Amino acid sequence: MKKITIAEMAKYNGQTVKLGAWVSNKRSSGKIAFLQLRDGSGFVQAVVVKAEVGDELFATAKSLTQETSLYVTGEVKEDERSSFGYELAVTGIEVIHEAKDFPITPKEHGTEFLMDNRHLWLRSRKQHAIMKIRNEIIRATYEFFNDNGFVKVDPPILTGSAPEGTSELFATKYFDEDAYLSQSGQLYMEAAAMALGKVFSFGPTFRAEKSKTRRHLIEFWMIEPEMAFMEHAESLKVQEQYVAHLVQSVLKNCQLELERLERDTTKLEKIKAPFPRITYDDAIKWLNDNGFDDIKWGEDFGAPHETAIAESYEMPVFIINYPIGIKPFYMQPHPDRDDVVLCADMIAPEGYGEIIGGSERIYDYDLMKQRIQEHNLDESAYAWYLELSKYGAVPHSGFGLGLERTVAWISGAEHVRESIPFPRLLNRLYP
Ligand code: 4AD
Ligand code: MG
């Protein structure tokens, strides 16, 4: 008998097959038992009919506890009532391991309890769906950048320099030297772009931010493309095409998962390039005109500001040209103004906040040196970076997309802690 996965069942309609699975839920009467099975590839209902399987097997089915592992055999049958489309008419059950008192039952549990049991919570239908969407976003990321001539480059995680400012670094020792866990691979990606043209990285980044919001993780994954001979306006086009590709890929390949999450897909279907652009100046004016008198030109947006701006659009929106004072040292000044830089944050719809930060980079040697000094950065740690603007410097731009915020938005998760398998949060390093 062929051993298959739930995801493969459609190819075996009418045949008797064997599955390795766990019991996620069960319902039974005196004559029939319905087992909700999961095997990682999907979820399916298995039906055990007493009159067909006999007393002994039926008794086994009725006694199965939640999360018991088993091999089950049965016939694959079409089932129009379920969105999966198939069910299994059981002919045999071989229990592998009986699970007793699985802590996460179908009833409601509090967030802290679920987070303490994250290693088990991952098995739930909802968490399974979010992880599958995360996987699709990762797949579509590689697809997009490979199809568009980018080379994947892996920047180091242990570093001696900080691209995004020094306040939120995780310090560690590198033998006798001071080192930091990477908060962004950008500076290394700039070096790589000068060698390979268009590059992207995809790796973990670390920020010792004391923020406890639904958008902040201490450890998160970032995709950082960097492009030589690329002006900022051109980079925005890459960004909107990339994000639209992510959304359209999830819509196409994760229909069951979106349905399980009860995601409103009409909102996602509208996400197509181009995305609107507004200047930081206009965003401040709009906020001040719409009841937000707590923010002045020169200040950074808080979550309520971003959410209010995003609510005016059905698309993600670019806020462009922020004041120089609230952005990192490496951003290229605006050609006609010295108070703003050529940068943009992409704000996701539906209150998910900033998902991309990007900019054109300075490539003038003297200006870069001056900016490093103005930011009181350790010049010796940035010496290699400064050399990039010494040997054949070119206009170049890049950006960073936060994976978990993007997964949270597309899947409709309430909080980024559900969009990464084992979140690192303020006050949480377990499990
Ligand atoms: O805006 P950020 O800080 O930009 C950079 O790090 C640039 N060096 C990227 C580049 O140009 N190569 O971070 C980029 C994105 C944010 O827009 C957000 O999506 C995500 O990373 N992000 C976080 N996600 C979860 N938790 C946090 N604490 C995050 N901080 C940033
Ligand atoms: Mg940012």
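**Exercise 1. Place the pair Thr159 and Tyr180 in its sheet.**

Solution. Thr159 stands opposite Tyr180, a residue of strand 10. The model is predicted: local features require pLDDT of at least 70, side-chain atom pairs count only at pLDDT 80 or more, and totals for chains, interfaces and linings use all residues. Residues are numbered from 1 along each chain as its sequence is written, and side-chain values use heavy atoms, with hydrogens and water left out.

Step 1. Strands (E, at least two residues) and helices (H or I, at least four) are DSSP runs numbered from the N terminus. Two strands pair if DSSP finds at least two bridges between them. Strand 8 and strand 10 are antiparallel partners with two bridges.

Step 2. The sheet is open, has three strands in the order 8-10-9, and pairs in the antiparallel sense. Strand 8 (158-159) and strand 9 are its edge strands, each pairing on one side only.

**Exercise 2. Describe the surroundings of this sheet, from the exposed loop to the buried one.**

Solution. Step 1. Phe175 sits in the loop between strand 9 (170-174) and strand 10 (177-181). Buried means under 20% relative accessible area, exposed over 50%, and partly exposed in between (1.4 Å probe, protein chains only). Phe175 has a relative accessible area of 72% and is therefore exposed.

Step 2. Together with Leu158 and Tyr174, Phe175 forms a nonpolar surface patch of about 360 Å² of accessible area. Such patches are made of residues with over 30% relative accessible area and no salt bridge; like charges are joined within 9 Å, and nonpolar side chains (Val, Leu, Ile, Met, Phe, Trp, Tyr) within 5 Å. Accessible areas come from the Shrake-Rupley method with a 1.4 Å probe, and for residues only the protein chains shown count as cover.

Step 3. Gln183 lies in the loop between strand 10 and helix 6 (186-196). Gln183 is buried because its relative accessible area is 1%. With contact taken as heavy atoms within 4.5 Å, and neighbours within four places in sequence left aside, the partners of Gln183 include Pro163, Glu168, Phe206 and Met222.

Step 4. Val153, in the loop between strand 7 (151-152) and strand 8, counts as buried at 18% relative accessibility. Val153 and Leu196 are 43 residues apart in sequence, with a C-alpha to C-alpha separation of 9.2 Å.

**Exercise 3. Establish how strand 3 is held between its partners.**

Solution. Step 1. Strand 3 (residues 32-38) has six of its seven residues buried, so it is largely enclosed by the rest of the structure.

Step 2. Strand 2 (residues 16-28) pairs with strand 3 in the antiparallel sense over six bridges, and Lys26 has Leu35 as its bridge partner in strand 3. A hairpin of three connecting residues joins the two strands.

Step 3. Strand 3 also runs antiparallel to strand 4 (residues 43-49), with seven bridges between them. Arg38 is opposite Phe43 in strand 4. This hairpin has four residues between its strands, and Gly40 in the turn shows a positive phi of about 95 degrees.

**Exercise 4. Identify the nonpolar cores.**

Solution. Step 1. A nonpolar core is a set of buried Ala, Val, Leu, Ile, Met, Phe, Trp, Tyr and Cys residues joined through side-chain atoms within 4.5 Å. The largest has 58 residues, and Trp409 and Ile410 have the most contacts inside it. Helix 7 (residues 232-253) contributes most to this core, with nine residues.

Step 2. A second, separate core has 30 residues, among them Leu287 and Ile372.

**Exercise 5. Compare salt bridges by exposure and by separation in sequence.**

Solution. Step 1. A salt bridge requires a side-chain nitrogen of Lys or Arg within 4 Å of a carboxyl oxygen of Asp or Glu; the count by this rule is 24.

Step 2. Asp178 and Lys173 form a salt bridge at 2.7 Å, N to O. Asp178 counts as exposed at 53% relative accessibility, and Lys173 counts as exposed at 54%.

Step 3. Glu306 and Arg215 form another, at 2.9 Å, N to O. Glu306 belongs to helix 11 (residues 303-310) and Arg215 to the loop between strand 11 (198-206) and strand 12 (219-228), so the pair ties together parts 91 residues apart in sequence. Both Glu306 and Arg215 are buried.

Conventions. Chains are lettered from A and ligands numbered from 1 in the order in which they are written.
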